[in-house]
Amino acid sequence: MDPASQDINLNSPNKGLVVDQSDSLSDVPVEGAVGNSANPLPPGLTEEEAEELRIELTKVEEEINTLRQVLSAKERHATELKRKLGLSPLNELRQNLTKSWQDVQTSNAYLSASATLDDITHSEAYKKTQETLSQAGQKTSAALTTVGTAITRRLGDMRNSATFKSFEDKMGNLKYKVVGPRGNGDVVSSPTDTTPTQENPPF
């Protein structure tokens, strides 16, 4: 049996039997076809009008797919041209940001805000505030310098005092007792080391 000539309609009394192609009724609509049962016709629309709309929809969808393919090809071509010109996405982003910033600078909102800021910086209140802050900064700087000088002098006085000298001497003696004479690269053995070191080993 040729599978193409078999009747595959499961509701047909002739299912599985060979159907003669010369007697086929291809023009007769089949009951339960996709166009009839799945999508019932809206009221006031004839079968012929529905078929015309389906054909038109198919054509429009094919045109959309064609346009998508053309757009994709154009985008690939543009990318290739940019690559040949040495334009990277980073350069494009930089150019876009520059253009956007220029657009902002020429916008009415920016220009009016800039004019307002110019008016503020030239006002008497701004000038007085700026002078006051400048004087306060100078006075603060002078005060910090004075405090730094006083602390330095105080530390110097303390280091030269008898108490500090006595403390320094005691710390020096303690260091000598703990570490020993380590001057000039002398190697000092550990107090727990029981192995005597020989200056000239026999080997």
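A residue counts as buried under 20% relative accessible area, exposed over 50% and partly exposed in between, with a 1.4 Å probe and protein chains only. With that in hand, welcome to a predicted model, in which local features need pLDDT of at least 70 and side-chain atom pairs count only at pLDDT 80 or more, while totals for chains, interfaces and linings use all residues. Residues are numbered from 1 along each chain as its sequence is written, and side-chain values use heavy atoms, leaving out hydrogens and water. Helices here are DSSP runs of H or I with at least four residues, strands are E runs of at least two, and both are numbered from the N terminus.

**The annotated coiled coil**

- An unreviewed UniProt entry annotates residues 50-84 as "coiled-coil region"; UniProt positions follow the numbering used here, feature names are shortened, and annotations may be inferred rather than shown by experiment.
- In the model, that span is 100% helix and 0% strand, and its end C-alpha atoms lie 51 Å apart.

**Salt bridges**

- A salt bridge is a side-chain nitrogen of Lys or Arg within 4 Å of a carboxyl oxygen of Asp or Glu, and by this rule the count comes to 5.
- One of them links Glu80 and Arg83, with an N to O distance of 2.3 Å.
- Glu80 and Arg83 are 3 residues apart in helix α2, so about one helical turn separates them.
- Glu80 is partly exposed at 31% relative accessible area, whereas Arg83 counts as exposed at 54%.
- Elsewhere, salt bridges that share partners join Glu47, Glu51 and Arg54 into one network.
- Within this network, Arg54 meets Glu47 at 3.8 Å, N to O, and Arg54 meets Glu51 at 3.3 Å, N to O.
- Glu51 and Arg54 both lie in helix α2 (residues 47-85), 3 residues apart, or about one turn of the helix.
- The members of the network are each partly exposed: Glu47 has a relative accessible area of 35%, Glu51 has 37% and Arg54 has 28%.

**The aromatic pair and its patch**

- Rings of Phe, Tyr and Trp (its six-membered ring) pair if their centres lie within 6.5 Å; planes under 30 degrees apart count as stacked, over 60 as edge-to-face and the rest as tilted.
- The structure holds 1 aromatic pair.
- Trp101 and Tyr110 form this pair, and it is edge-to-face because the ring planes stand at 75 degrees, with the centres 5.9 Å apart.
- Trp101, found in helix α3, is partly exposed at 46% relative accessibility, and Tyr110 is partly exposed at 33%.
- Trp101 and Tyr110 also join Val104 and Leu111 in a nonpolar surface patch of about 370 Å², to which α3 (89-105) and α4 (108-121) each give two or more residues.
- Patches are made of residues with over 30% relative accessible area and no salt bridge, joining like charges within 9 Å and nonpolar side chains (Val, Leu, Ile, Met, Phe, Trp, Tyr) within 5 Å; the areas come from the Shrake-Rupley method with a 1.4 Å probe, and for residues only the protein chains shown count as cover.

**Helix α6**

- Helix α6 (residues 162-179) has 18 residues and reaches 26 Å from its first C-alpha to its last, close to the expected 26 Å, where the expected span is 1.5 Å times one less than the number of residues.
- The number of buried residues among the 18 of α6 is 0, so this helix lies largely in the open.
- Just after α6, Gly180 takes a positive phi of about 90 degrees.
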